[in-house]
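Trainee: I should like to examine the strands of this chain with you. May we begin once the structure is in view?

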Amino acid sequence: MEKLLWCFLVLISLSDVFGQKDMSKKTFVFPKESDNSYVSLKAQLKKPLNAFTVCLRFYTDLFTSRGYSIFSYATKKHSNEILIFWSKNRGYILFFLLRYILELGGPEVLFKAPEIPTAPVHICASWESVSGIIELWVDGKPQVRKSLQKGHSVGTGAIIILGQDQDSFGGSFDANQSFVGDIGDVNMWDFVLSPEEISAVYAGGTFSPNVLDWRSLTSETHGEVFIRPHLWA
């Protein structure tokens, strides 16, 4: 019995060390503009991505004020292989494989927001290498499909950052691009979810995320970031 209890306590302590938590009904709160407040996430990824879907919810009042980074995925070789960014004047921008933006002058995908929201927003972004098709869903509604970086793959060994734009691997943050508000329900898959699955995720489903799982999240907060109950239904 004592050995079983000891093993149980060891497992708990290991979970605490690696920051793995069930974040159901919780959110990360970024209360103010900064260049040192962010959340780093550890992905369950062993091979390059030839497809992905990222879904999350966020709540902010920065829409009409300035641009900000929502989700940033960088590797040691290439900063911001995936970046979901809001531009005040342009809407949602998906920078994909930033190395090509720097070298070739800028493949990016722009999705104009249908309206400026005043409530929490749910977004899903997906891409597949075989066709290059990239999709953005806002509050369960699809935007017009576009194409970017056909035939490429997304590298492993990534640092995933919420709330800041990585201009180098895990750093070089700019307070003027920082997120202020709440981010939650972050899930990521190594395949493209179907329209029916995205609709279900928007309604609260998960479909067993295999890259990032909000119910079993390995994360680390930095600066002034707090975990609180979420504000959405």
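Trainee: Which residues point one way from E6, and which the other way?

Mentor: The model is predicted; local features need pLDDT of at least 70, side-chain atom pairs count only at pLDDT 80 or more, and totals for chains, interfaces and linings use all residues. Residues are numbered from 1 along each chain as its sequence is written, and side-chain values use heavy atoms, with hydrogens and water left out. Strand E6 covers residues 82–87 (strands are DSSP runs of E, at least two residues, numbered from the N terminus), and six of its six residues are buried (under 20% relative accessible area, 1.4 Å probe, protein chains only). Ile82, Ile84 and Trp86 point one way, and the other way point Leu83, Phe85 and Ser87.

Trainee: Which residue of E6 is the bridge partner of Phe71?

Mentor: Strand E5 (residues 68–74) runs antiparallel to E6, and five bridges pair them (pairing requires at least two DSSP bridges). The partner of Phe71 in E6 is Ile84.

Trainee: Which residue of E14 is the bridge partner of Val54?

Mentor: E14 spans residues 181–189, and eight of its nine residues are buried. Strand E2 (residues 26–30) is joined to E14 by four antiparallel bridges, with Phe28 facing Ile183 as bridge partner. Strand E4 (residues 51–59) also pairs with E14, antiparallel over six bridges. There, the partner of Val54 is Met188.

Trainee: What percentage of the residues in the chain is buried?

Mentor: The secondary structure comprises three helices (DSSP runs of H or I, at least four residues) and 16 strands. Of the 233 residues in the chain, the buried share is 48%.

Terms used. Buried < 20%, exposed > 50% of the residue type's maximum accessible area, 1.4 Å probe, protein only.
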